[in-house]
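Here is a relaxed walk through one protein model, written for someone meeting it for the first time. Have a look at the structure, then read on.

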Amino acid sequence: MLMSKKNIELFQYILILKKEKPENINYISFLLCFISWIFFLYYTYARGSFSSVLFWTSWLIPVVLLWMIRVKKKINKAITYKHPLFVTGCLWLLVPGLRWIALLFILFILFDHQSRHPLEIGVSDEKIVINTFFRKRYEWNAFSNVVLKDGLLTLDFKNNKVLQREIIRHDVSETEFNDFCREQINLR
């Protein structure tokens, strides 16, 4: 998360943006694991090594995927595919010449983790910080307007770029927030 107890004092306003459902991320994670499993089976078939460690351990992928699907249906809760991605990444370490793909799976796990957290925006008198995978920091002189109206935050940049997102939680008066932002922009 963007704001720890220590950082809350640094930001006058903290806004939580509405997050899209992670279903697309789940599908991509599932497909990456499934395609890797098919590759492992084909690789062992092409090499004629059905008794290899890769062939037998690759069967962990569908087991873990089915387990994740079962858990999701049972508890009806949003789950991550970090376990199947981790198992698949470890199995890529068994394929000579393609071990570097394991690093990609570590990145997929990190992106999967980050994509499931709500996007937060911290607003201070010095800058606006957007909590993405790589935090984006913007000085006030980068904006021509910042407005919060009817639960919709609009960041209008001077370079004609506009970011508009729905806010799911904020503990601030829209008038007070807009006055603060207008004052910060006018100071620059």
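Let's start on the outside. Leu103 is exposed, because its relative accessible area is 57% and anything over 50% counts that way. Keep in mind that this is a predicted model, with every value here computed from it.

Leu103 sits in helix α6, which covers residues 101–115. It also has some company: Leu103 belongs to a nonpolar patch on the surface. The other members of that patch are Trp100, Leu104, Ile106, Leu107, Leu110, Phe111, Phe133 and Phe134. Taken together, the patch has about 900 Å² of accessible area.

Stay on helix α6 and you'll come to Asp112. Is this residue buried or exposed? Asp112 is buried, because its relative accessible area is 3% and the cut-off for buried is under 20%. So what does Asp112 touch, once residues up to four places away in sequence are set aside? Its contacts are Ile25, Ser29, Thr80, Tyr81 and Lys82.

Tyr81 gives us a handy link to another part of the model. Val64 and Tyr81 are 17 residues apart in sequence, and their C-alpha atoms are 9.3 Å apart in space. Val64 itself lies in helix α4, residues 60–75. With a relative accessible area of 15%, Val64 is buried. Leaving out residues up to four places away in sequence, Val64 touches His83, Pro84 and Val87.

Now for two loop residues with an unusual backbone angle. Most residues other than glycine have a negative phi. Asp150, however, has a positive phi, near 55°, and Asn160 has a positive one too, near 70°. Neither residue is a glycine.

Where do they sit? Asp150 is in the loop that links β5 (143–149) to β6 (152–157). Asn160 is found in the loop between β6 and β7 (162–169). Both count as exposed: Asp150 has 66% relative accessibility, and Asn160 has 71%.

Here are the burial values side by side, for quick reference.

| Residue | Relative accessible area | Class |
|---|---|---|
| Leu103 | 57% | exposed |
| Asp112 | 3% | buried |
| Val64 | 15% | buried |
| Asp150 | 66% | exposed |
| Asn160 | 71% | exposed |

To recap helix α6, Leu103 in that helix is exposed, while Asp112 in that helix is buried.

Key. Residues numbered from 1 in each chain as written. Predicted model: local features only at pLDDT ≥ 70, side-chain atom pairs only at ≥ 80, totals over all residues. Heavy atoms only, no water. Helix = DSSP H or I, 4+ residues; strand = E, 2+ residues; numbered from the N terminus. Buried < 20%, exposed > 50% of the residue type's maximum accessible area, 1.4 Å probe, protein only. Contact = heavy atoms within 4.5 Å. Patch = residues over 30% accessible without salt bridge, like charges linked within 9 Å, V, L, I, M, F, W, Y side chains within 5 Å. Areas by Shrake-Rupley, 256 points an atom, 1.4 Å probe, with all protein chains shown as cover. Salt bridge = Lys/Arg side-chain N within 4 Å of Asp/Glu carboxyl O.
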